[in-house]
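Here's a quick tour of a protein chain for someone new to reading structures. Keep the picture open as you go and find each residue for yourself.

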Amino acid sequence: MGTTVSIELGEDRPDHELRRLVADVCDWLHEVDARFSTYKADSEVSRFGRGELRLEDASADLRHVLDACADLWRDTDGYFDTYASGPLDPSGYVKGWSVEVAAARLLAAGSHDHYINAGGDIRMRGNHPDGGPWRVGIRHPWEADKVSWVLALHDGAVATSGTYERGDHIFNPRTGRPAQGLRSVTVVGPDLSVADAYATAALAMGESGIAWLAKRAADGYDSAVVTDDGRAFSSANLPAAV
């Protein structure tokens with residue numbers, strides 16, 4: 001998926017059990033990468049995008065992702081668009097979804113305290129190994145050694161989209177041009193796949209994304225935004241550490 005993934009398990013369990021849990025997560029994420037990588041010509045999503053694979057012959061995972069992206073396209077008034085940059089690219093959903101599934105697999109295997117970070121998209125449960133909530137620093141969009149917010153969560157997801165690391169990689173589907181107006185968008189909520197898609201959509205919207213995000217708080221998705229000119233906004237219930 002073009003990024004690194006870190007996994008932290010908080011339970012005091014035998015080493016071989018912890019290694020088995022981590023290996024299961026890694027196997028799943030490698031499976032997702034093989035199926036959904038837009039960089040691999042033989043991936044399932046690449047073959048489907050070229051018309052070489054019929055929808056009825058696709059895997060259950062690909063059909064789920066396409067259905068979820070279609071729902072998000074409607075929910076975001078078309079700003080979450082898997083074709084915004086041209087060819088099919090559901091990466092804005094897949095990364096968050098894959099980590100959400102990985103966290104669910106850990107929970108099903110008995111891990112109640114864990115933290116998975118995939119390039120800034122994070123899912124955590126339970127307690128930090130030192131006790132208390134997991135703390136997440138949201139990187140300052142101009143100064144890499146500083147943070148704009150520090151969040152504290154026991155159970156939730158944090159997704160951040162921005163232009164400060166990868167440049168113009170998110171496009172406004174209305175104009176076909178790189179998104180402008182927002183430098184960094186962080187969304188916090190119960191499901192990482194949705195939080196990740198909302199952060200991407202809001203960045204694509206530009207400054208109108210601030211008001212759009214404010215309405216998502218009623219569904220449990222809070223946000224923190226930095227504009228291109230350095231203004232900062234956050235929703236009232238953002239779980240910022242005191």
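Leaving aside its neighbours within four places in sequence, which residues is Gly-132 in contact with? The answer is Asn-127 and His-154. Before you go hunting for more, keep in mind that this is a predicted model.

**The whole chain**

- The protein chain contains six helices and 11 strands.
- Its radius of gyration is 18 Å, and that agrees with the value near 18 Å for a compact globule because the chain has 242 residues.
- If you lay the C-alpha trace along its principal axes, it spans about 50 × 45 × 30 Å.
- Of the 242 residues, 46% count as buried.
- Look at contacts between residues at least 6 apart in sequence: 59% of these join residues at least 24 apart.
- The accessible surface adds up to about 11,800 Å², and carbon and sulfur atoms own 48% of that.
- On the charge side, you'll find 24 positive and 37 negative side chains, with the centres of the two sets 3 Å apart.

**Helix α4 and Glu-100**

- Helix α4 covers residues 91-108, and Glu-100 sits in it.
- From first C-alpha to last, the 18 residues of α4 reach 25 Å, close to the 26 Å expected at 1.5 Å a residue.
- Plenty of α4 is tucked away: its buried residues include Tyr-93, Trp-97, Val-99, Ala-103 and Leu-106.
- What do the buried residues of α4 pack against? Their partners are the strands β1 (5-9), β2 (114-118) and β3 (121-125), plus the helices α1 (15-36), α3 (60-75) and α5 (192-205).
- Is Glu-100 buried or exposed? Glu-100 is buried, because its relative accessible area is 11% and the cut-off for buried is under 20%.
- Not counting residues up to four places away in sequence, Glu-100 touches Arg-123, Arg-125, Pro-190, Asp-191 and Leu-192.
- After α4 comes Gly-110, which has a positive phi, near 100°.

**Ile-7 in strand β1**

- Ile-7 is part of strand β1.
- With a relative accessible area of 23%, Ile-7 is partly exposed.
- Once you skip residues up to four places away in sequence, the residues that Ile-7 touches are Val-22, Val-25, Cys-26, Tyr-115 and Ile-116.
- For a sense of distance, try Ile-7 and Val-188: they are 181 residues apart along the chain, and 19 Å separates their C-alpha atoms.

**Two loop residues: Leu-53 and Asp-77**

- Leu-53 belongs to the loop between α2 (44-49) and α3.
- Why does Leu-53 count as buried? Its relative accessibility is 13%, and anything under 20% counts as buried.
- Leu-53 touches Glu-44, Arg-47, Phe-48, Ala-58 and Leu-62, if you don't count residues up to four places away in sequence.
- Asp-77 is in the loop between α3 and α4.
- Asp-77 counts as exposed, because its relative accessibility is 54% and the cut-off for exposed is over 50%.
- Most residues other than glycine have a negative phi.
- Asp-77 goes the other way: its phi is positive, near 55°, and it isn't a glycine.

**Back to Gly-132**

- You can find Gly-132 in the loop between β3 and β4 (134-139).
- At 30% relative accessibility, Gly-132 counts as partly exposed.
- Gly-132 and Leu-153 are 21 residues apart in sequence, yet their C-alpha atoms are 8.8 Å apart in space.

**Pro-239 in the segment after β11**

- Pro-239 turns up in the segment after β11 (232-234).
- Pro-239 counts as partly exposed, at 22% relative accessibility.
- Which residues is Pro-239 in contact with, leaving aside its neighbours within four places in sequence? They are Val-150, Leu-151, Ala-152, Leu-153 and Val-188.
- Pro-239 and Arg-135 are 104 residues apart in sequence, while their C-alpha atoms are 10.0 Å apart in space.

Conventions. Residues are numbered from 1 along each chain as its sequence is written. This is a predicted model: local features need pLDDT of at least 70, side-chain atom pairs count only at pLDDT 80 or more; totals for chains, interfaces and linings use all residues. Side-chain values use heavy atoms; hydrogens and water are left out. Helices (H or I, at least four residues) and strands (E, at least two) are DSSP runs, numbered from the N terminus. The radius of gyration is taken over C-alpha atoms; the globule rule is 2.2 Å times the number of residues to the power 0.38. Buried means under 20% relative accessible area, exposed over 50%, partly exposed in between (1.4 Å probe, protein chains only). Contact means heavy atoms within 4.5 Å. Accessible areas come from the Shrake-Rupley method with a 1.4 Å probe; for residues, only the protein chains shown count as cover. Lys and Arg count as positive and Asp and Glu as negative; His and the chain ends are not counted. The place of a charge is taken as NZ of Lys, CZ of Arg, CG of Asp or CD of Glu. The expected span of a helix is 1.5 Å times one less than its number of residues.
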